[in-house]
Amino acid sequence: MTKIIGLTGGIGSGKTTIANHFMAAGIPVYIADDEARKITQSAEIIKEIKDLFGNAIFENGILNREKLAQIVFSNPEKLKLLNSIIHPVVKKHFDNWVLDHKNNSFVIYEAAILFESGSYKNCDKIITVTAPLETRIQRVIQRDKTTREQVLKRINAQWNDDQRIAKSDFVIENQTPEITKSEVGKILKILNIQ
């Protein structure tokens, strides 16, 4: 049976970099945020989001993700509501994806909120990616063209590194490309033995 290896870390920690290393090694990787983005484009989900959050987060009928993010990362209850719409659909999609990869000994499930969503319960092992806070903040400001304040709101809406590390089997400190690649290699060896 295919094992599910959870890959998580706070925003800006470098999960995508780690996921790319696994992909380069031929391991199938499911990026939950990318799939959630696609799912939020379906008419059914758009309607549910509109019913909950109103028309103010839409421009010309298109969901403005930035406006939605500002609302949900400022209000934990609204974030829970949004997650209650999206997570079940992502879970179903992932379950089907795993079936498509049943010949692999393991797959990677990358999710920023692996613990917060409860998805970690379906994982056989968990990898947490960490990076210094200031590095994370700067990465997200650069990537998302956002403000420090908005990044901190997102960081504060997630579990902290200590919480994630306490429930993880592996930790990768994503500081230099060489060390990061070496850490992924070590984990791959362990996972391939099991």
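Visitor: Why is Asn-60 called exposed?

Guide: In this predicted model, Asn-60 has a relative accessible area of 80%. The cut-off for exposed is over 50%, so Asn-60 counts as exposed.

Visitor: Where does Asn-60 lie, and what is its phi?

Guide: Asn-60 sits in the loop between β3 and β4. Its phi is positive, about 55 degrees, although Asn-60 is not a glycine.

Visitor: What makes Lys-145 count as exposed?

Guide: Lys-145 has 69% relative accessibility. Exposed requires over 50%, so Lys-145 qualifies. Lys-145 is in the loop between α6 (133–144) and α7 (148–157). Lys-145 is not a glycine, yet its phi is positive, about 50 degrees.

Visitor: Which residues of helix α3 are buried?

Guide: Helix α3 covers residues 43–53, and Ile-45, Ile-46, Ile-49 and Phe-53 are buried there. Buried means a relative accessible area under 20%.

Visitor: How do you know that these buried residues are on the same side of α3?

Guide: Around the axis they cover an arc of only 100 degrees, which puts them on the same side of α3. As a general point, an α-helix has 3.6 residues a turn, so residues three or four places apart point the same way.

Visitor: What is on the face of α3 turned away from the buried side?

Guide: That face carries Ala-43, Glu-44, Lys-47 and Asp-51, which are exposed.

Visitor: Which elements do the buried residues of α3 pack against?

Guide: They pack against three helices and two strands by name: α2 (32–39), α4 (65–72) and α5 (76–100), together with β3 (58–59) and β4 (62–63). Just after α3 comes Gly-54, with a positive phi of about 85 degrees.

Visitor: What makes the sheet an open one, and in which order do its strands run?

Guide: Five strands form the open sheet, in the order β2-β5-β1-β6-β7, with parallel pairing. β2 (29–31) and β7 (170–173) stand at the edges with a single partner strand each, so one side of each has no neighbour in the sheet. From one strand to the next, the twist averages 20 degrees.

Visitor: How do you know that β6 and β7 pair?

Guide: Two strands pair if there are at least two bridges between them. β6 (residues 125–130) and β7 have four bridges, in the parallel sense, so they meet that condition. In one of these strands, β7, Ile-172 is the bridge partner of Val-129.

Visitor: Which helices pack on the sheet, and at what angles?

Guide: Among them is α2, which touches β2 and β5 (106–110) and whose direction makes about 50 degrees with that of β2. Helix α9 (residues 177–193) also packs on the sheet, touching β1 (3–9), β5, β6 and β7. The direction of α9 makes about 165 degrees with that of β7.

Visitor: Why is the protein called as compact as a globular protein of its length?

Guide: The protein, with nine helices and seven strands, has a radius of gyration of 17 Å. The globule rule gives 16 Å for 194 residues, and the two values are close, so the protein is as compact as a globular protein of that length. Its C-alpha atoms fill a box of roughly 50 × 40 × 25 Å along the principal axes.

Visitor: How much of the protein is buried, and how much area does it expose?

Guide: Buried residues are 42% of the 194 residues. The protein exposes about 10900 Å², of which carbon and sulfur atoms supply 52%.

Terms used
Residues numbered from 1 in each chain as written. Predicted model: local features only at pLDDT ≥ 70, side-chain atom pairs only at ≥ 80, totals over all residues. Heavy atoms only, no water. Buried < 20%, exposed > 50% of the residue type's maximum accessible area, 1.4 Å probe, protein only. Arc of directions from axis to C-beta. Contact = heavy atoms within 4.5 Å. Axes fitted to C-alpha atoms, helices over the stretch in contact; angles between N-to-C directions. Rg over C-alpha atoms; globule rule 2.2 N^0.38 Å. Areas by Shrake-Rupley, 256 points an atom, 1.4 Å probe, with all protein chains shown as cover.
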